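User: I'm new to this structure. Could you walk me through it?
Analyst: Sure, ask away once it is on screen.

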Amino acid sequence: MGIFGRFEKRVEGAVNGAFARAFKGDVQPVEIAARLQRELDAEAKLMSRDKRLVPNEFVVGLSPHDHDKLAPYSKTLTSELATELRSHASDTGYVFNGPIRIHFELDAALPTGRFTVASEAVAGVEERAAAEDRPAPPRPADRVTDPGSAVRARSRLVLEVNGTRHPLEPPGLVIGRGTEADLRINDPGISRLHAQIRVTPSGPGVSVDIVDLGSTNGITVNGHKVTEAALQEGSRIEIGSTRMLVHAPAGR
(Lines give C-alpha, C1' and ligand atoms only; values in the text may rest on other atoms or scores of the structure.)
Protein backbone atom coordinates (compact mmCIF):
# COMPACT_ATOMS: atom_id res chain seq x y z
CA MET A 1 0.00 0.00 0.00
CA GLY A 2 1.41 3.42 -0.99
CA ILE A 3 1.85 6.49 1.19
CA PHE A 4 -1.53 7.89 0.12
CA GLY A 5 -3.31 4.61 0.91
CA ARG A 6 -1.69 4.29 4.35
CA PHE A 7 -2.56 7.88 5.18
CA GLU A 8 -6.19 7.38 4.16
CA LYS A 9 -6.45 4.13 6.13
CA ARG A 10 -5.12 5.75 9.30
CA VAL A 11 -7.65 8.57 9.10
CA GLU A 12 -10.49 6.17 8.34
CA GLY A 13 -9.56 4.30 11.52
CA ALA A 14 -9.45 7.52 13.54
CA VAL A 15 -12.83 8.77 12.38
CA ASN A 16 -14.91 5.62 11.95
CA GLY A 17 -17.95 4.60 14.04
CA ALA A 18 -19.85 7.67 15.23
CA PHE A 19 -18.06 9.92 12.72
CA ALA A 20 -18.89 7.70 9.76
CA ARG A 21 -22.58 7.56 10.71
CA ALA A 22 -22.77 11.32 11.31
CA PHE A 23 -21.27 12.18 7.94
CA LYS A 24 -22.94 9.56 5.77
CA GLY A 25 -23.84 11.26 2.49
CA ASP A 26 -22.06 14.51 3.45
CA VAL A 27 -18.42 15.64 3.41
CA GLN A 28 -16.41 12.75 4.84
CA PRO A 29 -13.51 13.42 7.22
CA VAL A 30 -11.31 11.10 5.15
CA GLU A 31 -11.97 13.34 2.12
CA ILE A 32 -10.71 16.33 4.07
CA ALA A 33 -7.66 14.35 5.21
CA ALA A 34 -6.82 13.33 1.66
CA ARG A 35 -7.25 16.90 0.44
CA LEU A 36 -4.95 18.24 3.17
CA GLN A 37 -2.32 15.68 2.15
CA ARG A 38 -2.56 16.82 -1.47
CA GLU A 39 -2.19 20.42 -0.25
CA LEU A 40 1.10 19.50 1.44
CA ASP A 41 2.32 17.76 -1.71
CA ALA A 42 1.31 20.66 -3.97
CA GLU A 43 2.75 23.45 -1.80
CA ALA A 44 6.03 21.79 -0.70
CA LYS A 45 9.02 24.14 -1.19
CA LEU A 46 12.53 22.70 -1.51
CA MET A 47 14.79 23.57 1.45
CA SER A 48 17.62 21.05 1.00
CA ARG A 49 18.30 17.81 -0.78
CA ASP A 50 15.96 15.81 1.45
CA LYS A 51 13.81 18.46 3.21
CA ARG A 52 10.86 20.49 1.93
CA LEU A 53 8.92 23.23 3.70
CA VAL A 54 5.12 22.77 3.73
CA PRO A 55 2.13 24.79 5.02
CA ASN A 56 1.12 24.37 8.65
CA GLU A 57 -2.07 26.46 8.79
CA PHE A 58 -5.21 25.37 6.93
CA VAL A 59 -8.69 26.83 6.48
CA VAL A 60 -11.34 24.33 5.38
CA GLY A 61 -14.42 26.01 3.89
CA LEU A 62 -17.68 24.07 4.38
CA SER A 63 -21.28 24.44 3.28
CA PRO A 64 -23.80 25.40 6.00
CA HIS A 65 -25.08 21.80 6.19
CA ASP A 66 -21.61 20.24 6.43
CA HIS A 67 -20.38 22.89 8.85
CA ASP A 68 -23.29 22.14 11.20
CA LYS A 69 -22.49 18.44 11.05
CA LEU A 70 -18.76 18.92 11.68
CA ALA A 71 -19.02 21.48 14.48
CA PRO A 72 -19.67 19.00 17.36
CA TYR A 73 -16.59 16.98 16.33
CA SER A 74 -14.24 19.79 15.28
CA LYS A 75 -11.84 19.59 18.25
CA THR A 76 -11.36 15.82 18.00
CA LEU A 77 -11.26 15.86 14.21
CA THR A 78 -8.66 18.64 13.95
CA SER A 79 -6.46 16.82 16.47
CA GLU A 80 -6.67 13.58 14.48
CA LEU A 81 -6.03 15.34 11.18
CA ALA A 82 -2.98 17.15 12.59
CA THR A 83 -1.58 13.85 13.85
CA GLU A 84 -1.97 12.27 10.43
CA LEU A 85 -0.42 15.27 8.68
CA ARG A 86 2.64 15.01 10.95
CA SER A 87 2.89 11.30 10.13
CA HIS A 88 2.66 12.01 6.39
CA ALA A 89 5.29 14.75 6.71
CA SER A 90 7.62 12.35 8.50
CA ASP A 91 7.18 9.78 5.72
CA THR A 92 7.95 12.28 2.97
CA GLY A 93 10.63 14.55 4.48
CA TYR A 94 8.37 17.58 4.91
CA VAL A 95 9.13 20.28 7.50
CA PHE A 96 6.54 22.52 9.18
CA ASN A 97 7.27 26.17 10.05
CA GLY A 98 5.30 25.97 13.30
CA PRO A 99 2.42 24.12 14.97
CA ILE A 100 -0.28 22.68 12.71
CA ARG A 101 -3.58 24.58 12.89
CA ILE A 102 -6.76 23.54 11.08
CA HIS A 103 -9.80 25.83 11.04
CA PHE A 104 -13.30 24.99 9.79
CA GLU A 105 -15.12 28.00 8.36
CA LEU A 106 -18.64 28.44 7.06
CA ASP A 107 -18.91 29.26 3.34
CA ALA A 108 -22.55 29.91 2.46
CA ALA A 109 -21.76 29.73 -1.26
CA LEU A 110 -20.73 26.06 -1.12
CA PRO A 111 -23.25 23.29 -1.82
CA THR A 112 -23.58 20.30 0.52
CA GLY A 113 -20.82 17.77 -0.01
CA ARG A 114 -18.28 20.29 -1.39
CA PHE A 115 -15.45 21.98 0.50
CA THR A 116 -12.40 24.14 -0.13
CA VAL A 117 -8.93 24.26 1.43
CA ALA A 118 -6.58 27.24 1.74
CA SER A 119 -3.15 26.91 3.31
CA GLU A 120 -0.21 29.00 4.47
CA ALA A 121 3.20 28.44 6.05
CA VAL A 122 3.07 30.42 9.32
CA ALA A 123 6.12 30.53 11.57
CA GLY A 124 5.71 29.81 15.26
CA VAL A 125 6.68 32.82 17.41
CA GLU A 126 7.75 32.90 21.05
CA GLU A 127 8.79 35.96 23.03
CA ARG A 128 11.42 35.13 25.63
CA ALA A 129 10.78 37.94 28.11
CA ALA A 130 9.37 41.43 28.47
CA ALA A 131 11.69 44.15 27.19
CA GLU A 132 12.17 45.70 30.62
CA ASP A 133 13.13 42.34 32.17
CA ARG A 134 15.90 41.33 29.78
CA PRO A 135 19.48 42.59 29.38
CA ALA A 136 20.38 44.86 26.48
CA PRO A 137 20.72 42.86 23.23
CA PRO A 138 24.25 42.41 21.87
CA ARG A 139 25.43 44.92 19.27
CA PRO A 140 27.34 43.80 16.19
CA ALA A 141 31.04 44.25 16.96
CA ASP A 142 32.00 45.26 13.41
CA ARG A 143 29.47 48.04 12.85
CA VAL A 144 29.37 51.66 14.01
CA THR A 145 25.98 52.98 15.02
CA ASP A 146 24.95 56.08 13.10
CA PRO A 147 22.32 57.96 15.16
CA GLY A 148 21.22 59.77 12.02
CA SER A 149 20.30 56.50 10.28
CA ALA A 150 17.39 55.77 12.61
CA VAL A 151 14.00 57.42 12.26
CA ARG A 152 12.35 58.92 15.32
CA ALA A 153 9.03 57.35 16.19
CA ARG A 154 6.84 59.78 18.15
CA SER A 155 4.09 57.24 18.81
CA ARG A 156 4.51 53.90 20.50
CA LEU A 157 5.39 51.26 17.92
CA VAL A 158 4.88 47.50 17.86
CA LEU A 159 6.29 44.71 15.73
CA GLU A 160 3.44 42.53 14.44
CA VAL A 161 4.35 38.94 13.58
CA ASN A 162 1.64 36.49 12.51
CA GLY A 163 -1.04 38.60 14.19
CA THR A 164 0.83 38.97 17.51
CA ARG A 165 2.08 42.41 18.59
CA HIS A 166 5.42 42.82 20.32
CA PRO A 167 6.08 46.30 21.83
CA LEU A 168 9.20 48.04 20.52
CA GLU A 169 10.68 49.46 23.71
CA PRO A 170 14.29 50.31 24.69
CA PRO A 171 16.73 48.69 24.36
CA GLY A 172 15.05 46.60 21.66
CA LEU A 173 15.13 42.89 20.90
CA VAL A 174 17.01 40.19 19.05
CA ILE A 175 15.11 38.05 16.54
CA GLY A 176 16.21 34.50 15.83
CA ARG A 177 15.48 30.79 15.93
CA GLY A 178 17.75 29.98 18.88
CA THR A 179 16.96 30.01 22.59
CA GLU A 180 19.17 33.08 23.08
CA ALA A 181 16.88 35.25 20.95
CA ASP A 182 14.36 37.57 22.62
CA LEU A 183 11.81 36.89 19.88
CA ARG A 184 12.08 33.26 18.83
CA ILE A 185 10.61 32.32 15.44
CA ASN A 186 10.43 28.70 14.34
CA ASP A 187 11.33 29.33 10.71
CA PRO A 188 14.05 27.21 9.01
CA GLY A 189 15.10 30.26 6.98
CA ILE A 190 15.97 32.23 10.13
CA SER A 191 19.38 32.00 11.81
CA ARG A 192 19.77 31.32 15.54
CA LEU A 193 20.58 35.02 16.08
CA HIS A 194 19.35 36.66 12.89
CA ALA A 195 18.71 40.35 13.43
CA GLN A 196 18.56 43.00 16.14
CA ILE A 197 15.95 45.75 16.37
CA ARG A 198 17.46 48.64 18.32
CA VAL A 199 15.16 51.04 20.14
CA THR A 200 16.81 54.18 21.50
CA PRO A 201 15.15 57.05 23.41
CA SER A 202 15.21 60.18 21.28
CA GLY A 203 13.56 63.35 22.54
CA PRO A 204 9.82 62.80 23.02
CA GLY A 205 9.91 59.47 21.18
CA VAL A 206 12.31 56.72 20.18
CA SER A 207 14.51 55.94 17.19
CA VAL A 208 14.21 52.43 15.78
CA ASP A 209 16.45 50.55 13.38
CA ILE A 210 17.25 46.96 12.43
CA VAL A 211 20.68 45.36 11.99
CA ASP A 212 21.61 42.03 10.42
CA LEU A 213 23.60 39.93 12.91
CA GLY A 214 25.54 38.05 10.23
CA SER A 215 22.60 35.83 9.29
CA THR A 216 22.70 33.28 6.47
CA ASN A 217 19.71 34.58 4.49
CA GLY A 218 19.79 38.28 5.38
CA ILE A 219 16.92 40.70 5.96
CA THR A 220 14.60 42.61 3.61
CA VAL A 221 13.00 45.94 4.55
CA ASN A 222 10.30 47.41 2.31
CA GLY A 223 11.33 45.11 -0.52
CA HIS A 224 15.07 45.91 -0.35
CA LYS A 225 17.82 43.58 0.91
CA VAL A 226 19.74 45.46 3.64
CA THR A 227 22.28 44.91 6.39
CA GLU A 228 21.00 47.88 8.40
CA ALA A 229 17.97 50.12 7.99
CA ALA A 230 15.91 52.71 9.84
CA LEU A 231 12.37 51.62 10.74
CA GLN A 232 9.22 53.66 11.08
CA GLU A 233 5.48 53.14 11.11
CA GLY A 234 4.54 51.02 8.10
CA SER A 235 7.96 49.40 7.63
CA ARG A 236 7.68 45.86 6.24
CA ILE A 237 10.34 43.35 7.25
CA GLU A 238 10.96 39.89 5.76
CA ILE A 239 13.23 37.39 7.50
CA GLY A 240 13.28 33.86 6.13
CA SER A 241 9.69 33.16 5.10
CA THR A 242 8.28 35.30 7.93
CA ARG A 243 6.81 38.73 7.32
CA MET A 244 6.64 41.44 9.98
CA LEU A 245 5.09 44.91 10.15
CA VAL A 246 6.07 47.90 12.27
CA HIS A 247 3.10 50.05 13.16
CA ALA A 248 1.41 52.11 15.87
CA PRO A 249 -1.87 50.47 16.96
CA ALA A 250 -4.92 52.69 16.73
CA GLY A 251 -5.88 54.49 19.92
CA ARG A 252 -2.35 54.93 21.20
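User: Start with β11. Are its two faces covered or not, and which residues are on each side?
Analyst: Both faces of β11 are covered. Gly172, Val174 and Gly176 are on one side, Leu173 and Ile175 on the other, and all are buried. Buried means under 20% relative accessible area, exposed over 50%, and partly exposed in between, with a 1.4 Å probe and protein chains only. Strand names follow DSSP runs numbered from the N terminus: helices are H or I with at least four residues, strands are E with at least two.

User: Before more detail, what kind of model is this?
Analyst: This is a predicted model: local features need pLDDT of at least 70, side-chain atom pairs count only at pLDDT 80 or more, and totals for chains, interfaces and linings use all residues. Residues are numbered from 1 along each chain as its sequence is written, and side-chain values use heavy atoms, with hydrogens and water left out.

User: Back to β11. Which strands does β11 pair with, and in what sense?
Analyst: β11 runs antiparallel to β13, joined by four bridges. With β12, β11 pairs in the parallel sense over two bridges. Two strands count as paired if DSSP finds at least two bridges between them.

User: Which residues are bridge partners there?
Analyst: Isoleucine 175 has alanine 195 in β13 as its bridge partner. For glycine 176, the partner is arginine 184 in β12.

User: What comes just before β11 in the loop from β10?
Analyst: Proline 171 is in that loop, between β10 and β11. The peptide bond from proline 170 to proline 171 is cis, with omega near 5 degrees.

User: Let's look at the sheet with β10 in it. What is the strand order?
Analyst: The order is β10-β9-β19-β18-β15-β16. This is an open sheet of six strands, with antiparallel pairing. β10 (164-167) and β16 (224-226) stand at the edges, each with a single partner strand, so one side of each has no neighbour in the sheet. From one strand to the next, the twist averages 30 degrees. Axes for such angles are lines fitted to C-alpha atoms, for helices over the stretch in contact, and angles run from 0 to 180 degrees between N-to-C directions.

User: How many bridges join β15 to β18?
Analyst: Two, and the strands run antiparallel. Valine 221 has isoleucine 237 in β18 as its bridge partner.

User: Which residues does isoleucine 237 contact, beyond its sequence neighbours?
Analyst: Leaving aside neighbours within four places in sequence, isoleucine 237 touches residues including Leu159, Ile197, Ile210, Val221 and Met244. Contact means heavy atoms within 4.5 Å.

User: Which residues have the most contacts inside the largest nonpolar core?
Analyst: They are Leu159, Leu168, Ile175, Ile197, Ile210 and Ile237, in a core of 26 residues. A nonpolar core is a set of buried Ala, Val, Leu, Ile, Met, Phe, Trp, Tyr and Cys residues joined through side-chain atoms within 4.5 Å. Strands that each supply at least two residues of this core include β9 (158-161), β11 (172-176) and β18 (236-239). Apart from it lies another core, of 23 residues, among them Ile32, Val54, Val60 and Leu81.

User: Now charges. How many salt bridges are there?
Analyst: Seven, from a search of the whole structure. A salt bridge is a side-chain nitrogen of Lys or Arg within 4 Å of a carboxyl oxygen of Asp or Glu. One of them joins aspartate 26 and lysine 69 at 3.0 Å, N to O. Aspartate 26 is in the loop between α2 (18-22) and α3 (29-43), and lysine 69 is in helix α4 (residues 64-70), so the pair ties together parts 43 residues apart in sequence.

User: Buried or exposed, that pair?
Analyst: Aspartate 26 is buried, at 12% relative accessibility. Lysine 69 is partly exposed, at 31%.

User: What about glutamate 39 and arginine 35?
Analyst: They form a salt bridge, with the closest N and O atoms 2.8 Å apart. Both are in helix α3, four residues apart, about one turn of the helix. Glutamate 39 is buried at 8% relative accessibility, while arginine 35 is partly exposed at 24%.

User: And where are aspartate 209 and arginine 198?
Analyst: Their side chains meet in a salt bridge of 2.7 Å, N to O. Aspartate 209 is in strand β14 (residues 205-212) and arginine 198 in strand β13 (residues 195-202), eleven residues apart. Both are buried. Salt bridges that share partners join Arg198, Asp209 and Glu228 into one network.

User: Last one: what is phi at asparagine 222?
Analyst: Phi is near 50 degrees, a positive value in a residue other than glycine. Asparagine 222 is in the loop between β15 and β16, and is partly exposed at 33% relative accessible area.
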